[in-house]
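Reader: I am new to this structure and would like to learn how to read it. Could you take me through it one feature at a time?

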Number of protein chains: 2
Amino acid sequence: MDPEAIRRSLEGRGLRCTAQRYAVMAFLMEHTGHPTAAEIFEAVNRADPRSSRATTYNNLRDLVQAGLVREVAVEGRAARFDAKGMRHHHFICDRCGKVEDVEWYDVPRPASGSLGKRILRECELIFRGLCSKCAPRQASR
Amino acid sequence: MDPEAIRRSLEGRGLRCTAQRYAVMAFLMEHTGHPTAAEIFEAVNRADPRSSRATTYNNLRDLVQAGLVREVAVEGRAARFDAKGMRHHHFICDRCGKVEDVEWYDVPRPASGSLGKRILRECELIFRGLCSKCAPRQASR
DNA sequence: GAATTATTTAGACTATATCTAACATGATAT
DNA sequence: ATATCATGTTAGATATAGTCTAAATAATTC
């Protein structure tokens with residue numbers, strides 16, 4: 001992943017490219033497995049530069065606000081993050097909570113009448129069920 | 001709402017119809033505004049029977065597992081619940097976090113190839129943006 | 001390089017949810 | 001009816017996830 005590209009995408013959104021912020025963004029781009037904030041914090045701190053927990057959360061918040069990162073809320077579990085690269089939908093495993101990407105396809109928008117005065121920003125599709133690891137186990141219970 | 005119908009739906013799922021559990025279910029059926037666990041706990045305790053916090057959470061978990069209640073995870077906020085009555089999609093306000101229902105319409109399923117060995121249970125659509133209350137305010141910032 | 005602004009930090013704090021172990025209740029069998 | 005047993009409830013402790021604060025540091029601008 002090109003470091004300059006990351007720097008540019010941060011600065012293009014009005015965010016300074018600090019070592020800590022860069023580390024969060026780079027980690028998300030290299031690890032597409034939807035890590036939690038805690039996992040990102042740990043990963044970033046395995047090597048220099050160090051980053052405090054507050055900074056990791058701050059940077060995740062900033063990156064989400066800037067539209068570079070997506071947060072996926074998972075019921076009863078910590079939020080998970082991914083860099084907004086290629087568009088995709090999400091599959092969440094009922095059993096282990098894993099979040100996986102599902103190939104993108106267009107989703108029909110709701111009739112404008114049912115939205116009223118609301119302003120629609122985005123439309124996401126979430127599939128639920130059992131991931132390929134959990135499916136066999138569940139079947140045998 | 002018919003108390004007998006609630007009792008039957010609980011027992012049909014192997015859950016005893018206790019006063020506390022009934023209260024949670026009845027509250028959710030009467031209040032379609034997606035309350036949080038804390039709100040449900042408070043509401044149930046405004047009148048008899050009393051219910052502890054743990055019981056409220058236990059019952060919500062049981063009801064979700066039984067498929068009678070849906071949990072909607074909202075980023076950075078407490079989970080919200082609704083009785084699974086009529087099928088609907090959800091609209092979540094970026095600004096105030098409110099969860100609103102959007103009229104149901106069918107969503108095309110993913111190509112079976114992109115699901116692999118996963119077992120698909122359901123498919124939900126989440127719209128994001130600004131609710132009708134927040135839309136005007138945001139425009140003027 | 002001084003001033004300004006954004007960012008980072010450790011640790012306290014808040015919010016949300018789960019766990020524990022004792023007790024109560026409802027269902028079943030005798 | 002009463003004993004038995006599984007299910008449900010409870011208060012409070014504990015865990016987990018995330019935010020806040022105020023001081024220190026780093027980046028940017030003048």
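Author: Let us start with the sheet, in a model that is predicted. Six strands form an open sheet in the order 4(A)-3(A)-5(A)-5(B)-3(B)-4(B), with mixed pairing; two strands pair if DSSP finds at least two bridges between them, and strands (E, at least two residues) and helices (H or I, at least four residues) are DSSP runs numbered from the N terminus. Residues are numbered from 1 along each chain as its sequence is written, and chains are lettered from A in the order in which they are written. Local features need pLDDT of at least 70, and side-chain atom pairs count only at pLDDT 80 or more.

Reader: Which strands are the edge strands of this sheet?

Author: They are strand 4 (99-103) of chain A and strand 4 (99-103) of chain B, each of which pairs on one side only.

Reader: Which residues are closest to DNA strand C?

Author: A residue is near a strand if one of its heavy atoms lies within 4 Å of it. Of the 19 residues that surround DNA strand C, the closest are Thr18(A), Arg21(A), Ser52(A), Thr55(A) and Tyr57(B). Sugar and phosphate account for 71% of the atoms of DNA strand C that come within 4 Å of the protein.

Reader: Which element gives the most to the surface near DNA strand C?

Author: Helix 4 of chain A does, with five residues. As for polar contacts, pairs of N or O atoms within 3.5 Å, a side-chain N or O atom of Thr18(A) is 2.5 Å from a phosphate oxygen of DNA strand C, while for Asn59(A) a polar side-chain atom lies 3.2 Å from a phosphate oxygen of that strand.

Definitions and conventions
Heavy atoms only, no water. Polar contact = N/O pair within 3.5 Å; in protein donor to acceptor, adjacent residues only side chain to side chain.
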